[in-house]
Every structure is written in structure tokens, then in C-alpha cells.
Amino acid sequence: DLGPDGEQVFLVAFGTGFRATPQSMLSATIGGTLSPFVVAVAAPGFDGLDQVNMLIPRSLLGRKLVNVLFTAAGKTANAVQVNIF
């Protein structure tokens, strides 16, 4: 649920190895739409685990099941799907 107008909703995912990638080489598409904000950080409280925060564009409101593609340094992770209401 993307909530009311003006709210920002982030998709948070976890993995390893992508935090070392420069922020300028990170990207994500959600439902075929480029996320305007993608950042990788250390996952709080978990040594060695990376966390990526992706802003879900409001233009996807109501799209339901969409693919998420995360790319770091030109390498795309396995696609996952999320429901957007």
C-alpha cells in the first residue's frame, strides 16, 4: 500500500556483496519504472549483510504484481515480484 499522496514508500531488500559498489552504479526498476532513489548500506545489527533501499514510484499505485530488478555494477540480481496496491 503506497498510502496517501505525499508519502514515500521504500522497498527494503537484503543480500551480500553489493554495498561495495559505488552508489552511482546502483539502480532498480520496479514494474518497469526506474526507482528514483536506490541506496545500499550495511544492514544494522548483521555483520556482513547488505541492505538496499529502493523508493517505489507513486506512478505504480494499484499496479498489483510487478517485477523488481536490482542492478549493482552492471550485474542484475534475480528478479523478484511484489504486489503494489
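**Entry 1: the start of the chain**

I began with glycine 3, which I found in the segment before β1, and I note at once that I am reading a predicted model. Glycine 3 counts as partly exposed because its relative accessible area is 26%, a value between the 20% under which a residue is buried and the 50% over which it is exposed. I also looked up its distance to threonine 33, and the two C-alpha atoms lie 19 Å apart in space, with the two positions 30 residues apart in sequence.

**Entry 2: the chain as a whole**

I then stepped back to the secondary structure, where I count eight strands and zero helices, so that the pattern along the sequence reads β-β-β-β-β-β-β-β. The radius of gyration is 13 Å, close to the 12 Å that the globule rule gives for 85 residues, and I therefore wrote the chain down as being as compact as a globular protein of that length. Along the principal axes, the C-alpha atoms fill a box of roughly 35 × 25 × 20 Å.

I looked up the contacts between residues at least 6 apart in sequence, and 56% of them join residues at least 24 apart. As for the surface, the chain exposes about 5200 Å², of which carbon and sulfur atoms supply 57%, while 35% of the 85 residues count as buried. For the charges, I noted 5 positive and 5 negative ones, whose mean positions are 10 Å apart.

**Entry 3: the nonpolar core**

Which residues of the largest nonpolar core touch the most other members? I found that they are Ile30, Val38, Met54, Ile56, Phe70 and Ile84, out of 18 residues in that core. At least two core residues come from each of β2 (26-30), β4 (38-42), β5, β6 and β8 (80-84), and β6 gives the most, with four. I set beside this the general remark that nonpolar side chains tend to be buried together in soluble globular proteins.

I followed isoleucine 84 further, leaving out residues up to four places away in sequence, and its contacts are Leu2, Ile30, Ile56, Leu60, Leu61, Gly62, Arg63, Lys64 and Val66.

**Entry 4: valine 12 and threonine 21**

Valine 12 lies in strand β1, and I recorded it as partly exposed because its relative accessible area is 37%. Apart from neighbours within four places in sequence, valine 12 is in contact with Gln51, Val52 and Asn53. From valine 12 to isoleucine 84 I read 14 Å, C-alpha to C-alpha, for two residues that are 72 apart in sequence.

Is threonine 21, in the loop between β1 (10-15) and β2, buried or exposed? I found threonine 21 buried, since its relative accessible area is 10% and the cut-off for buried is under 20%. Its contacts, again without the neighbours within four places in sequence, are Leu26, Ala72 and Ala73.

**Entry 5: serine 59**

My last look was at serine 59, which has its place in the loop between β5 (50-55) and β6 (64-72). Serine 59 is exposed, because its relative accessible area of 59% falls in the range over 50%. Between the C-alpha atoms of serine 59 and proline 36, which are 23 residues apart along the chain, I noted a separation of 12 Å.

Terms used:
Residues are numbered from 1 along each chain as its sequence is written. This is a predicted model: local features need pLDDT of at least 70, side-chain atom pairs count only at pLDDT 80 or more; totals for chains, interfaces and linings use all residues. Side-chain values use heavy atoms; hydrogens and water are left out. Buried means under 20% relative accessible area, exposed over 50%, partly exposed in between (1.4 Å probe, protein chains only). The radius of gyration is taken over C-alpha atoms; the globule rule is 2.2 Å times the number of residues to the power 0.38. Contact means heavy atoms within 4.5 Å. Accessible areas come from the Shrake-Rupley method with a 1.4 Å probe; for residues, only the protein chains shown count as cover. Lys and Arg count as positive and Asp and Glu as negative; His and the chain ends are not counted. The place of a charge is taken as NZ of Lys, CZ of Arg, CG of Asp or CD of Glu. A nonpolar core is a set of buried Ala, Val, Leu, Ile, Met, Phe, Trp, Tyr and Cys residues joined through side-chain atoms within 4.5 Å.
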